[in-house]
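Where is empty space left inside a protein, and what surrounds it? Please walk through this structure with those questions in mind.

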Amino acid sequence: MTDPDVRAAIMRGTYEALCEHGYTELTAQDIADRTDKSKSLLFYHYDSKEDLLADFLEFLFERFDERVAETRDLSPVERLAVFVDWFLYGPEENDRQSFHVAMLELRTQAPYNEAFREKLRKGDDQLRAVLEEILRDGLAAGEFSEHDPEETAALLIAAFDGARIRQLTIGRDEYLEQVRTATATWVFDDLLAEGASFPADRDPSTLPETDQQHRLAADLGTEGGNGTGDPDDETNGADADGGDAAGDEPTERDRE
């Protein structure tokens, strides 16, 4: 994939289709229907649906890097609060929930799909590195008490990830708030240095509007990220330079 506009349009369509259909029911046609591209163009750039989704994971990591960069001017405690919000969003945020259900489905394929496994491992390394950086910066700034950043990052990610998985799979919305409260009470209370405080009452649903948005949806120009965007809207697709290069409908590569 060399043309960034074409890639962005396909990634936008993939995001919307995942939100609407989930991973299991997702087809290449579903993605094409969310763009102004044909299915043949998708298979001109990607060998299969799995190849496209592997690139979508890579795309997510690139966007995450951009979001992390936006927070680096904040204090370590504030960056830690933002990190918690990324995981423990409100249960009523249906756009995030539908997307994360699809991502959970995709993660279950990783034991059988080497490309997915490689991308998800990269994402896990990236996530831990970001949190470890926040914790180390907090130590250097005197905002956090002495601790092992690697062990603390592993513990926090496991707790946050576990809460989200339970909320998604068994409908236990209370896990999100309980884990948020317990983390602030039992973990951050010991983690923070004297005089520093974590905003325990910080509620993602009360944040400024720009922070409430599912940032990936906002970055992609979708309307809330819930699959309701108009495929004909100019924000939902970029002109495919060289789109005719795909030629005739592909044969053996044209599989969903």
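A search of the whole structure, which is a predicted model, turns up one cavity of 30 Å³ or more. Rolling a probe the size of a water molecule over the atoms shows where empty space is left. The largest cavity holds about 30 Å³ of space.

Which residues line the largest cavity? They are T71, R79, V82, F83, W86, V130 and I134. Two elements give two or more residues each to this lining: α5, residues 76-87, and α7, residues 114-141. The largest share comes from α5, with four residues. By character, the lining divides into five nonpolar residues, one polar and one charged. The charged one is R79, because Arg counts as charged. The polar one is T71, because Thr is on neither the nonpolar nor the charged list.

Now turn to helix α9. This helix runs over residues 174-191 and has 18 residues. From its first C-alpha to its last, α9 reaches 24 Å. That is close to the 26 Å expected at 1.5 Å a residue. Where does α9 bend? The bend is at A184, and it is about 35°.

A184 is also one of the buried residues of α9. The others are L176, V179, R180, T183, F188 and L191. Buried here means under 20% relative accessible area. What do these buried residues pack against? Their partners are α5, α7 and α8, the last covering residues 149-170.

Two of these names have come up before. Both α5 and α7 give residues to the lining of the largest cavity, and the buried residues of α9 pack against both.

Definitions and conventions:
Residues numbered from 1 in each chain as written. Predicted model: local features only at pLDDT ≥ 70, side-chain atom pairs only at ≥ 80, totals over all residues. Heavy atoms only, no water. 1 Å grid on protein atoms, 1.4 Å probe; cavity = no way out; pocket = protein on both sides within 12 Å on 5 of 7 lines; lining within 4 Å. Points joined across faces, edges and corners; volume = space filled by probe spheres on them. Expected span 1.5 Å × (residues − 1). Bend = angle between axes of the 7 residues up to and from the residue. Buried < 20%, exposed > 50% of the residue type's maximum accessible area, 1.4 Å probe, protein only. Contact = heavy atoms within 4.5 Å.
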